[in-house]
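Reader: I would like a close look at one part of this model. Please keep it brisk.

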Amino acid sequence: MFNKVAVPVMSILVFLGLWELLVWANGWPNYKMASPSDLPPAFWQYRDLFLIMGWQTLWRTVVGLLLAVVFGTLLGMIIGFSRVARDALYPLLVGFNAVPKATLVPVIALLFIGQHDFNTVLMAFMISFFPIAVSVGIGLSTLEPEYRDILRALGASNFTIFRKIALPKTLPEFFGALKVAATLAFIGTNLVEIVSPHGRGLGALFKSGETNGNYPLMFAVLIALAVLGIVLYYAVVFLEKIFAGWAERAPG
Amino acid sequence: MGGPDRTGGIEIENLIEIKGVKHAYATASGPLPVLDGLDVAVPKGTFAAVVGPSGCGKSTLTRLVAGLMKPDEGQVYLHGELVKGPRKTVGMAFQNPVLLEWRTILENVILPLEIVATRMSRADRVARAMDLLDMVGLTGFENKRPSELSGGMRQRASLCRSLVHKPEVLIMDEPFGALDAFTREDLWQTMRDLRRAEPFTTVLITHDLRESVFLGDQVIVLSGRPARTQYVMPVDLPEDRTLDVLYTPKVADMLHILRDQIKIAQGRHEGAH
Ligand SMILES: Nc1ncnc2c1ncn2[C@@H]1O[C@H](COP(=O)(O)OP(=O)(O)OP(=O)(O)O)[C@@H](O)[C@H]1O
Ligand SMILES: [Mg+2]
């Protein structure tokens, strides 16, 4: 327990120390690179904004991610159970995933003008459903036939087999993908927030820092983003422990 | 020694009856004939051991009996009724015990009851599962995860799961194939004891001729692919056999005949010895 908390905290402190040292040793002014000691004042000065904007970023990311979970799981079920669907959808999916999502920002901005919340959630969703769909799909299609047969031989329906065997069996892969998806959704949210004019959320705060040449604010936003990312990631880890903890082999 | 002495006319008593079954799988390089003229009759309450060359179609046979697939030609009957799909009265066990890692051993054994005995009370389910676990010597392990058990213990748990709903037919596809020789012999004895305690009719696929003779009431030899019934040997040994029976001259003779039949099935029989 000590190690689980102390080691990461130490590593973060070491990181901040090195950063401070680097800025100090090079004598960089604030407009080139802010140092960690500049950040607390920036946070304090804009504390209300950080709370409001941080919340906006967080809820839109989470909503996008939830949509991605629902859609990705359904899509994964389709490509996992049907060979034809797999052959038909894989190229489309891979192609869609390969498109840099930044290029889609103006497209959705034009499609849904002024719907900033909607656009942001949509981007978070679009960027993050792919790993979920693929992992669920692979998990289902690689289910050993014997697992299916023990229930199918008793006349169990496909849905029962999915619920009792296929779904729990793919949970470890699902959570692995969800960790990636959570980070991606976060990137998607920020992308829209930064690129959209009159955006909201931490991304917009970053941009206003940039416009005003407020470098400590920009760096403070980056740190806040990192913290939110960490929170989101460990929320997923927490859920994984609850729902797929069995997959973790007991040590020894 | 008597060869196949299945004269027909006892169809009513046969719990499992396979008649003239032919089957081919569709593969990329055209149809692959797997079964061609398969005839099997297993009287109620008896044990049929099936041996045959690797890849000849033995697992296909189990899937037909379980109603997981239909043959291209011929019929499979259970109880004189044509098998058209899966039935709740069948239990299956495989070489891979396929236990669910997220369930305890007890919950794994209970799984079939959740499908076929939806009205059975939780207490009854647990009692039934615990009885079986006791019979196979797994008392005290019911709350363990499958990964905490040895291979032999996992296979015992898998056997309990395939019997928990009191199936009429138990179908086993090389269930002991992955176990070491000593563990395997232990499981043969467990299997014998289970049969004594519960009535069920068994089809066992195996690669081990000693196993087929020790457990079987008849040993069915399948030919190489496409498989047909090549030879049927009735096993007239006492019901309560012990492992010692395997070292009697009678069994040695039976094993000799079976080995010759397997050679024929593999297509490498170099005349008579
Ligand atoms: N679903 C399938 N589609 C195409 N070919 C199949 C399929 N299932 C089995 N086969 C082929 O049919 C043949 C018989 O398969 P089966 O599994 O019944 O043999 P087996 O006797 O159980 O083999 P083993 O001794 O290896 O367990 C094999 O050549 C196998 O490759
Ligand atoms: Mg097989």
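Reader: Which backbone oxygen lies 2.9 Å from a polar atom of the side chain of B:His165? Please take me through the surroundings of that residue and on to the boundary between the chains.

Author: This is a predicted model. The partner is B:Val90, whose backbone oxygen lies 2.9 Å from a polar atom of the B:His165 side chain. B:His165 sits in a loop of chain B, between helix H4 (151–163) and strand E7 (169–173). Its relative accessible area is 13%, so B:His165 counts as buried. Setting aside neighbours within four places in sequence, its contacts include B:Lys88, B:Gly91, B:Pro112, B:Leu113 and B:Val116. B:His165 also touches A:Leu154, in the other chain.

That leads to the interface. Here 25 residues of chain B are in contact with 17 residues of chain A. The two chains bury about 1900 Å² between them, and carbon and sulfur atoms give 71% of that area. B:Leu68, B:Trp102 and B:Ile115 supply 32% of what chain B buries against chain A, more than any other three residues.

Charged and polar links come next. There are two salt bridges between chain B and chain A. One of them joins A:Asp149 to B:Arg63, with the closest N and O atoms 2.7 Å apart. Two residue pairs are in polar contact across the chains, both at pLDDT 80 or more. On the chain B side, strand E6 (90–94) and helix H2 (105–116) are the elements that give two or more residues. H2(B) gives the largest share, five residues.

Key. Residues are numbered from 1 along each chain as its sequence is written. Chains are lettered from A and ligands numbered from 1 in the order in which they are written. This is a predicted model: local features need pLDDT of at least 70, side-chain atom pairs count only at pLDDT 80 or more; totals for chains, interfaces and linings use all residues. Side-chain values use heavy atoms; hydrogens and water are left out. Helices (H or I, at least four residues) and strands (E, at least two) are DSSP runs, numbered from the N terminus. Buried means under 20% relative accessible area, exposed over 50%, partly exposed in between (1.4 Å probe, protein chains only). A polar contact is a pair of N or O atoms within 3.5 Å; within protein, one must be able to donate a hydrogen and the other to accept it, and residues adjacent in sequence count only if both atoms are side-chain atoms. Contact means heavy atoms within 4.5 Å. Buried area is the accessible area (1.4 Å probe) that two parts lose on being put together, summed over both. A salt bridge is a side-chain nitrogen of Lys or Arg within 4 Å of a carboxyl oxygen of Asp or Glu.
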